[in-house]
Amino acid sequence: MIKGIIFDLDGVLVSTDEMHYLAWKRLADELQITGFTREDNRRQRGVSRMASLEIVLEKADRVYTEEEKAELAERKNNYYLELLEHMDESAVLKNVKEVLAGLKERGFLLAVGSASKNAPVILEKTGLLPYLDKIGCGLDTTKSKPDPEVFLVAARKLELSPGQCLVVEDSAAGIEAAAAGGMKSLGVGPFYRLLHADYEAPMLCEVQNWDEILK
Ligand code: G6P
Ligand code: MG
């Protein structure tokens, strides 16, 4: 029986995906990597900052040292933080707060399970913190989705077993991570049909069958 729900953040609760894309694109342009596309960016959904950088560098015409890579990842994050400065409640996806409040009222424990190290800042700026019981994020983990680490951390913080948790995700890596961690998944977002989740809906606010999913 499901007792807790672990939500990915970017693309599930908030719309940060375009900002991630713009920040990576700015870096790619500076490095004169011309082939970085939105399709590459789709593969960056859900995966850590360093793993996302590797996707950008696939099309580079030279090899970068670990030290250079660390500098590039930090540079991208600074561009992303510039964009986040203007972030407020309007970045929360449609009816997310209402859905979270409804699930809380029904007695479910709610957590975030995000690869992002910026998750606490984003939750604060968007006013989502009061809706959540626990936060698992990139600051708690060493392995990137599709490794289940961040979801297992979130489940542990909720004091639930993996089988008692449902994961809500918009990325293929995240759905894979949920399965690897022994958790059922609900796939949402623009690519929901491609995710092979246990349940699916275009957006959180469009889920019709919560009773079936949470049984
Ligand atoms: C989320 C996004 C990814 C991003 C990752 C790390 O999972 O979907 O695109 O790479 O977080 O984010 P960060 O904010 O730590 O760079
Ligand atoms: Mg996501």
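A polar contact here is a pair of N or O atoms within 3.5 Å. Keep that cut-off at hand for the first exercise; the model you are working with is predicted.

**Exercise 1. Polar contacts of ligand 1**

Find which polar atoms of Gln44, Ser52 and Ser116 lie by an oxygen atom of ligand 1, and at what distance.

*Solution.*
- Step 1: Start with Ser52, where a polar side-chain atom is 3.0 Å from an oxygen atom of the ligand. That lies within the 3.5 Å cut-off.
- Step 2: Move on to Ser116, whose side chain places an N or O atom 2.6 Å from a ligand oxygen.
- Step 3: Finish with Gln44; here a polar backbone atom is 2.9 Å from an oxygen atom of ligand 1.
- Step 4: Now consider cover: on its own, ligand 1 has 390 Å² of accessible area, and the protein covers 98% of that.

**Exercise 2. Residues around the ligand**

Work out how many residues surround ligand 1 and which come nearest.

*Solution.* There are 14 residues around ligand 1. Those that come nearest are Val47, Arg49, Ser116, Lys117 and Asn118.

**Exercise 3. The nonpolar cores**

Identify the residues with the most contacts inside the largest nonpolar core, then the element that gives the most to this core.

*Solution.*
- Step 1: The largest nonpolar core holds 39 residues, and Phe7 and Leu13 have the most contacts inside it.
- Step 2: Among the elements giving two or more residues are strand S1 (4-7), helix H4 (66-84) and helix H5 (96-105). H5 gives the most, with four residues.
- Step 3: Trace Leu13 beyond its neighbours within four places in sequence: its contacts include Phe7, Val96, Leu100, Val112 and Leu204.
- Step 4: Look also for a second, separate core; it has 14 residues, including Trp24, Leu31, Ile33 and Ala73.

Technical notes: Residues are numbered from 1 along each chain as its sequence is written. Chains are lettered from A and ligands numbered from 1 in the order in which they are written. This is a predicted model: local features need pLDDT of at least 70, side-chain atom pairs count only at pLDDT 80 or more; totals for chains, interfaces and linings use all residues. Side-chain values use heavy atoms; hydrogens and water are left out. A nonpolar core is a set of buried Ala, Val, Leu, Ile, Met, Phe, Trp, Tyr and Cys residues joined through side-chain atoms within 4.5 Å. Buried means under 20% relative accessible area, exposed over 50%, partly exposed in between (1.4 Å probe, protein chains only). Contact means heavy atoms within 4.5 Å. A residue is near a molecule or strand if one of its heavy atoms lies within 4 Å of it. A polar contact is a pair of N or O atoms within 3.5 Å; within protein, one must be able to donate a hydrogen and the other to accept it, and residues adjacent in sequence count only if both atoms are side-chain atoms. Accessible areas come from the Shrake-Rupley method with a 1.4 Å probe; for residues, only the protein chains shown count as cover.
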